[in-house]
Amino acid sequence: MNLPTKTFVYLGPQGSYTEIALDKFLMSLNLTNPATMIKTSIIKVIEAVSQDKSLTGIVPIENSIEGIVRETVDNLLRASEDLFITCEKVIPISHCLISKTDNINKIKKIVSHPQALAQCQHYINTKLSSDIIVEHASSTAAAVKSLTETADEIGAIGTEKSASIYGLHIVDKEINDIAENKTRFVMIDNYIPEATGNDKTSIAFSTKNETGCLVKVLNIFKDYNISLCYIESRPSKKIFGEYIFFVDFEGHIKDEKVSSALELIKPMINFYRLLGSYPKA
């Protein structure tokens, strides 16, 4: 895959954590100043890459505090089946309180992405006014950018980079409730990378409605000595009580033991989707 010819599309606006992740991806690929495209939501990033093979997308998929990014995994399932995760990066998250004012006592409303607000809940409850108004935004960077057109008493949670871009005050730094806050970002594209010997595979599946079916599936991974890195369930949104399981495990789809295990699993499931097989972060 000739990545230098690709346009990289990501969740904006400028200064978002996704843009910071994009910079890390480009550094590892030794790419400088590629064409980029900004979208206003995760679903728009995924839809764009799914529809246009000249695009490569960057989206968040998991946070160490809040867990799976539902908008990402739900929309990856809706995307075309030739869209895959091709790479991953883990980015430290350090939230800042940003505003036109540099006086924290003047802030009457706080706006940010729901995950950022959740990650700073204790700070908001203890450091800001007891009657603070909380408002959701599509991204942390969108929240910060919106301050340029609002009154001084509104604050946002975002990156230090975004405050610099939009000429705003950083009222406070490192306001995460938990310091060890990290988000895993993935690159999405229309190919599966070759095996490197240090890979991860992501799949989604639902089991048949039979007693012990999920346990049987997981035991196959155990029998083949395949280490599971992550497992999460989401409602199928089709039948009440039916769930789709998202699983990350060590190994590449072309590894013999992985392909053998997946062949044994197929009779036990009624839905399967390969989400990607790619180098581990």
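1. Start with the loop between strand S11 (182–189) and strand S12 (199–207), where Asn 198 is found. The model is predicted. Asn 198 is partly exposed: its relative accessible area is 44%, and the class runs between the 20% and 50% limits. Setting aside residues up to four places away in sequence, Asn 198 touches Pro 279 and Lys 280. Gly 251 is worth a look too. It lies 53 residues from Asn 198 along the chain, yet the two C-alpha atoms are separated by 7.0 Å.

2. Now a buried site. Gly 158 is found in strand S9, which covers residues 154–158. Its relative accessible area is 0%, so Gly 158 counts as buried, the cut-off being under 20%. Neighbours within four places in sequence aside, the contacts of Gly 158 are Tyr 17, Ser 94, His 95, Cys 96, Ile 98, Thr 140 and Val 144. Tyr 17, one of these partners, is itself among the buried residues of helix H1. Leu 76 is another matter: 82 residues away in sequence, it sits 25 Å from Gly 158, C-alpha to C-alpha.

3. The lead-in to H1 deserves a check. Gly 12 and Pro 13 are joined by a cis peptide bond, with omega about 0°. Pro 13 belongs to the loop between strand S1 (7–11) and H1. Most peptide bonds are trans.

4. Does the length of H1 agree or disagree with its residue count? The helix has 12 residues, 17–28. At 1.5 Å a residue, the expected span is 16 Å. The end C-alpha atoms are 17 Å apart, which agrees. The buried residues of H1 are Tyr 17, Thr 18, Glu 19, Ala 21, Leu 22, Phe 25 and Leu 26. Note that this list includes Glu 19.

5. After H1 comes Asn 30, with a positive phi. The value is near 55°, and Asn 30 is a residue other than glycine. Most residues other than glycine have a negative phi. Asn 30 lies in the loop between H1 and strand S2 (36–39). Its relative accessibility is 71%; exposed means over 50%, so Asn 30 qualifies.

6. A second positive phi is found at Glu 174, near 50°, again in a residue other than glycine. Glu 174 is placed in the loop between strand S10 (169–172) and S11. Is Glu 174 buried or exposed? It is exposed, with a relative accessible area of 61%.

7. Last, a helix pair. Helix H2 (residues 42–51) and helix H3 (residues 70–78) have axes that come within 9 Å and cross at roughly 30°. Angles under 35 degrees count as roughly parallel, and H2 and H3 therefore fall in that class. The crossing of H2 past H3 is right-handed. On the H2 side, the contact is made by Ile 42, Ile 43 and Ile 46. On the H3 side, Glu 71, Thr 72, Asn 75 and Leu 76 take part. By class, the contact residues of H2 with H3 are four nonpolar, two polar and one charged. The nonpolar residues are Ile 42, Ile 43, Ile 46 and Leu 76. Thr 72 and Asn 75 are polar, and Glu 71 is charged. Leu 76 of H3 is also the residue whose C-alpha lies 25 Å from that of Gly 158.

Definitions and conventions:
Residues are numbered from 1 along each chain as its sequence is written. This is a predicted model: local features need pLDDT of at least 70, side-chain atom pairs count only at pLDDT 80 or more; totals for chains, interfaces and linings use all residues. Side-chain values use heavy atoms; hydrogens and water are left out. Helices (H or I, at least four residues) and strands (E, at least two) are DSSP runs, numbered from the N terminus. The expected span of a helix is 1.5 Å times one less than its number of residues. Buried means under 20% relative accessible area, exposed over 50%, partly exposed in between (1.4 Å probe, protein chains only). Axes are lines fitted to C-alpha atoms, for helices over the stretch in contact, and angles run from 0 to 180 degrees between N-to-C directions. Angles under 35 degrees count as roughly parallel, over 145 as roughly antiparallel, 65 to 115 as roughly perpendicular and the rest as oblique. A crossing is left-handed if the near helix is turned anticlockwise from the far one by less than a right angle, and right-handed if clockwise. Contact means heavy atoms within 4.5 Å.
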